[in-house]
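Thanks, everyone. Please pull up the structure and keep the sequence beside it. I'll go from one term to the overall chain, then to a few residues.

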Amino acid sequence: MKVLLNKAIALLLLGILAACERYADDYKDYLNNQEIVYPGLARNVRYYAGDLRTMLVWNPSPDPNIDHYIVRWNNGINSMEVEATTHDPGDSISVVIPDLNEYVYSFTITAYDTEGNTSVGQELNNVRVYGSTYRSLLLNRGYNVSHLYDELENGDIILHFNRRDTLSAGTEIVYTDNSDQERTVELLADTNDVLLPDFKFGSAVRYRTGYIPEWGAIDTFFAESYDELPTIYRSVLADKSLFQPMNLPGDIGSAWGWEMPYLWDGVSDVDFGFHTADQDYPLSFTIDMGQSATLTRMKLWQRISGLYNYGNPKRFEVYGSNTPPGEDGNWAAWTLLGTFTSTKPSGTDRGIVTDEDRIFAEAGENFTFPAGIPEVRYIRFKILEPWGDGGTRYFHAQEISLYRQQR
């Protein structure tokens, strides 16, 4: 009985083996007795944003048989063939896909070899394409309202802009020169200042700013329209012979024989000028310029013997009025023209003055009034803080020059 059972099991195993051998090669009937070949995959697939287009980049497969790639999008409705120009994984293959909509796309990249075999395909999702909607959101770079420009001795001007936004790519500035020719200069993204050579004062200055929507973008998008800067007029020295001191209630008086008129006597290189009496800050004094003017800038010379110390002004405000102030000296009648802070080039502590500091201060420090301030005849200074320590209760300076618009 046991012998019969063993023979039955042996016959069953032989039958199973025969069946397996019969079906093991059946798949070849479906492949026409050919082997499936999958070409190598592209690597590091990425994109760079553009204006109604995008650029796809990848590192090629080292498979030497790859002949070309097919890029598909819109669920395979659209496609583009890209030649396999290299098989070195250290190189890059790129293609620009044009005529897209402002949308977020998915792309598939499939490699083809010389026998027509295809890779499994690779997807690149969330590819954002930019256009008019993005452009409509862009704003031109802001300019420095309190210090719009500096006027150079040769008539050129330097414009000052605010710090750029992160993705700002530069600002295009269009102006007119003294030959009535339109000229264009570029304010670079990483700078705040730009020179306008041979600028024609009183002419319009237009500007617009470009942006990249993402780092590495292949296109720059400019704001839809130009903005215009406030009109810039040539500055001329206000006539100091017309200046007169005014003594308003609340203003500080002079001391030590340093009278207010010495502040505009035209002498800036002698250690002598205007020195006030002692009084807690803020201190104020008033000047009648003798004519109405729109002020553009001011130049102030510190007291030489106390550079960046004692009563030399560090922070101050300048107010203006075009009507004779009331006898009570009420500040409500005055318009703030500008708030200013003196600069120490070296940035060293009080009591330490470098050669750089001395050269800067002895040349006179420039302060620029913001554009758009009213025309005034009377100006009033409010000294908020001196360069000296907390015990300083007075103000002094050697000379002041005021510049006005020349129309």
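First, the term. When I say helix or strand, I mean a DSSP run: at least four residues of H or I for a helix, at least two of E for a strand, numbered from the N terminus. With that in hand, take Tyr 262: it is found in the loop between β17 (244-246) and β18. Keep Tyr 262 in mind.

Please note that this is a predicted model.

Now the whole chain. It has 26 strands and three helices. There are 407 residues, and 42% of them count as buried. Look at contacts with a separation of 6 or more: 70% of them are between residues 24 or more positions apart. The exposed area of the chain is about 21,800 Å², with 48% of it supplied by carbon and sulfur atoms.

Back to Tyr 262. Is it buried or exposed? Neither: Tyr 262 counts as partly exposed, because its relative accessibility is 33% and partly exposed covers the range between 20% and 50%. Tyr 262 also belongs to a nonpolar surface patch, together with Val 267, Val 270 and Phe 272. That patch comes to about 290 Å².

Next, Arg 141. Find it in the loop between α2 (132-136) and β8 (149-151). Arg 141 is buried, yet it has no salt bridge. Which side chain of opposite charge is nearest to Arg 141? That is Asp 190, 7.6 Å away. The cut-off for a salt bridge is 4 Å, so a pair at that distance does not count. What does the Arg 141 side chain have as polar partners? One is Asn 192: the two side chains are joined by a polar contact of 2.8 Å. Another is the backbone oxygen of Thr 191, which lies 2.8 Å from a polar atom of the Arg 141 side chain.

Now some backbone geometry. Asp 99 is not a glycine, but its phi is positive, about 55°. Asp 99 sits in the loop between β5 (93-97) and β6 (104-113). Asp 99 counts as exposed because its relative accessibility is 76%, and the cut-off is over 50%.

Asp 180 also has a positive phi, about 60°, without being a glycine. Look for Asp 180 in the loop between β10 (168-176) and β11 (182-187).

Last stop: Pro 282. The peptide bond from Tyr 281 to Pro 282 is cis, with omega near 5°. Pro 282 is in the loop between β18 (274-275) and β19 (283-293).

That's my tour. Over to you.

How values were computed
Residues numbered from 1 in each chain as written. Predicted model: local features only at pLDDT ≥ 70, side-chain atom pairs only at ≥ 80, totals over all residues. Heavy atoms only, no water. Buried < 20%, exposed > 50% of the residue type's maximum accessible area, 1.4 Å probe, protein only. Lys, Arg positive; Asp, Glu negative; His and termini not counted. Polar contact = N/O pair within 3.5 Å; in protein donor to acceptor, adjacent residues only side chain to side chain. Contact = heavy atoms within 4.5 Å. Areas by Shrake-Rupley, 256 points an atom, 1.4 Å probe, with all protein chains shown as cover. Patch = residues over 30% accessible without salt bridge, like charges linked within 9 Å, V, L, I, M, F, W, Y side chains within 5 Å.
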